Amino acid sequence: MTSHPLDLQPGQVSISPLLKQLAYPANEIPVSALEIASAFALIFEDKLSAIQTAALLTLLHSTGKDREADVIAQCSSRMRDAASQIEKGPLEQAVKSRGKKEGNYNGGLCDIVGTGGDSHSTFNVSTTASIIASPLLMMAKHGNRAQTSFSGSADVLNAVAPVPPKISALNAENITKVYEATNYAFLFAPNFHQAMMYANPVRRGLGLRTIFNLMGPLANPLDWALEARVVGVAYQSLGPVFVEAIKQLGAKKALVVCGEEDMDEISCAGKTNCWRLSEYPNPAYQESGNDNEDDTPRTLVKVDTFQLHPSDFGLPTHPLTEVFGRKMPQDNAAKLMSILRNELPRDDPILDFVVMNVAALLVTSGICESETSNMGPEDDGKVITERGPGGGRWKEGARRARWAIESRSSLKSFEDFIEVTNKL
């Protein structure tokens, strides 16, 4: 007898009981995040059939399970477990040798990323912001080709002229070499998440946004080394969900943002809703006399909720039509390089848009808590200590972002990245 295409193939596992629990929740015990994450582990091991993968993704969406913090956290954790593993010792040494501690920033890796799917098709803000921040922070920008926009982060980098970075050459084996030469690295998702090849045909066939779109921003293969991150979400209800997921994954410094227009970046047009994860001293540890006999943690993590406005950064508002990015990657790449070369006027709408998002990452990292400033050329050394919503020094973040551009330090960092990747 010949097997039917829908039959289980050798080595595949059936998750029919789990699918039935999801489809008929009233008649069964509630499905746990651990059970769902275990099913995703089967996808990454090529042990789940295409039809059951499609059923799982569809049922998670229809039941709303794919928008629960513990499910997103545990599934993204399994995705990282299946990624190419990076040797920790040499990488940690490379980051430590380059990262500069300042303020409450300890010199660790940082990321800025969005979920996509907000339909605004704005300029490649997070990609540009990641490069601008790199003279001050060690950056590990995780990204991919366009999924829902005209120009994804990988697309715009590949379109840089005259010589683009060779992002397809950077992988788990040689990433340490990159950090030995520059503060910036772009982690092209397909080079690290090869196991996604088993899910991609189903994702394309469904043609729907699934939990994979939410897992991506939390699946940085260097997540274990990330000190701080900014994550943009495409609609408001995801904000508290995402910050809780990030907290469950053990992060201590993070900012989740959603522009009031349902945009996965800090908006240049008006208010942005924010959920900030930050550390604070644990009173119980202080009271214990620091003997720590019961493993009392030194610090605890809290979530603050607030709104940001361009004026909090000392910047004007701009309608989204002025930062519209529904253009080809070549156009956005040219704009990116114009920003890095400091060729735009200081009041350019896209420049202001980018500066705000860089500033948010700098504040989140803790670097803006420094009481001194000695960044180098173009730095006036005048720290702006004014605090805004959530207690952040947002104007100081904007000042430092301006310095990174106007001193051309960001351009130098990116040129170093281009050079080292083309030698890989």
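# Exercises on a predicted model

The second largest pocket has a volume of about 420 Å³. The model examined here is predicted.

## Exercise 1. The lining of the pocket

Task: Determine how many residues line the second largest pocket, which of them lie nearest its centre, and how the lining divides by class.

Solution.
- Step 1. The lining of the second largest pocket is made up of 21 residues.
- Step 2. Nearest the centre of this pocket lie K100, P135, L136, N183 and W403.
- Step 3. Sorted by class, the lining holds nine polar, seven nonpolar and five charged residues.
- Step 4. Helix α17, residues 409-421, supplies four residues, the largest share of the lining.

## Exercise 2. Domains and the annotated segment

Task: State where the two assigned domains run, how far apart their centres lie, and what the chain is like over residues 31-83.

Solution.
- Step 1. The domain assignment gives domain 1 as 15-82, and domain 2 as the three segments 89-190, 202-286 and 293-423.
- Step 2. Between the C-alpha centres of domain 1 and domain 2 the distance is 30 Å. To the contact between them, domain 1 contributes 22 residues and domain 2 contributes 19 residues.
- Step 3. An unreviewed UniProt entry places the feature "domain: Glycosyl transferase family 3 N-terminal" at residues 31-83.
- Step 4. Over residues 31-83, helix accounts for 74% of the chain and strand for 0%. The C-alpha atoms at the two ends of residues 31-83 are 26 Å apart.

## Exercise 3. Two alanines in helices

Task: Locate A54 and A94, and identify which residues each one touches beyond four places in sequence.

Solution.
- Step 1. A54 belongs to helix α3, which spans residues 50-63.
- Step 2. With neighbours within four places in sequence set aside, A54 is in contact with V202 and L206.
- Step 3. A54 and P201 are separated by 147 residues in sequence, while their C-alpha atoms are 9.8 Å apart.
- Step 4. A94 is part of helix α5, residues 88-98. Residues touched by A94, again leaving out those up to four places away, are T176, Y179 and E180.
- Step 5. The relative accessibility of A94 is 4%, so A94 counts as buried; the cut-off for buried is under 20%.
- Step 6. From A94 to M337 the C-alpha distance is 27 Å, with these positions 243 residues apart in sequence numbering.

## Exercise 4. A covered helix

Task: Establish how many residues of helix α6 are buried, and name them.

Solution.
- Step 1. Helix α6 covers residues 125-133 and is mostly covered.
- Step 2. Nine of the nine residues of α6 are buried.
- Step 3. These buried residues are V125, S126, T127, T128, A129, S130, I131, I132 and A133.

## Exercise 5. Backbone features in loops

Task: Find where the cis peptide bond lies, and which loops hold N342 and E378.

Solution.
- Step 1. The peptide bond leading from A161 to P162 is cis, and its omega is near 5 degrees. P162 sits in the loop between α7 (153-158) and α8 (175-181).
- Step 2. N342 is not a glycine, yet its phi is positive, at about 60 degrees. The loop between α14 (329-340) and α15 contains N342.
- Step 3. E378, also a residue other than glycine, has a positive phi near 75 degrees. E378 is placed in the loop between α15 and α16.

## Exercise 6. Accessibility of loop residues

Task: Classify N342, E378, G388 and D264 as buried, partly exposed or exposed.

Solution.
- Step 1. The classes needed are buried, under 20% relative accessible area, exposed, over 50%, and partly exposed in between.
- Step 2. N342 has 33% relative accessibility and therefore counts as partly exposed.
- Step 3. E378 has 57% relative accessibility and therefore counts as exposed.
- Step 4. G388 lies in the loop between α15 (349-365) and α16 (394-406). Its relative accessibility is 25%, so G388 counts as partly exposed. The C-alpha atoms of G388 and H309 are 9.9 Å apart, although 79 residues separate them along the chain.
- Step 5. D264 occupies the loop between β5 (254-259) and β6 (272-281). With a relative accessible area of 9%, D264 is buried. The C-alpha atom of D264 is 21 Å from that of K395, which is 131 residues away along the chain.

Key: Residues are numbered from 1 along each chain as its sequence is written. This is a predicted model: local features need pLDDT of at least 70, side-chain atom pairs count only at pLDDT 80 or more; totals for chains, interfaces and linings use all residues. Side-chain values use heavy atoms; hydrogens and water are left out. UniProt positions are given in the numbering used here, feature names are shortened, and annotations may be inferred rather than shown by experiment. Buried means under 20% relative accessible area, exposed over 50%, partly exposed in between (1.4 Å probe, protein chains only). Contact means heavy atoms within 4.5 Å. On a 1 Å grid over the protein atoms alone, a cavity is a set of points where a 1.4 Å probe fits but cannot get out, and a pocket is an open set with protein on both sides within 12 Å along at least five of seven lines; lining residues have an atom within 4 Å of a point. Grid points are joined across faces, edges and corners, and a volume is the space filled by probe spheres set on the points. Ala, Val, Leu, Ile, Met, Phe, Trp, Tyr, Cys and Pro count as nonpolar, Asp, Glu, Lys and Arg as charged, and the others, Gly among them, as polar. Domain bounds come from an automatic or database domain assignment.
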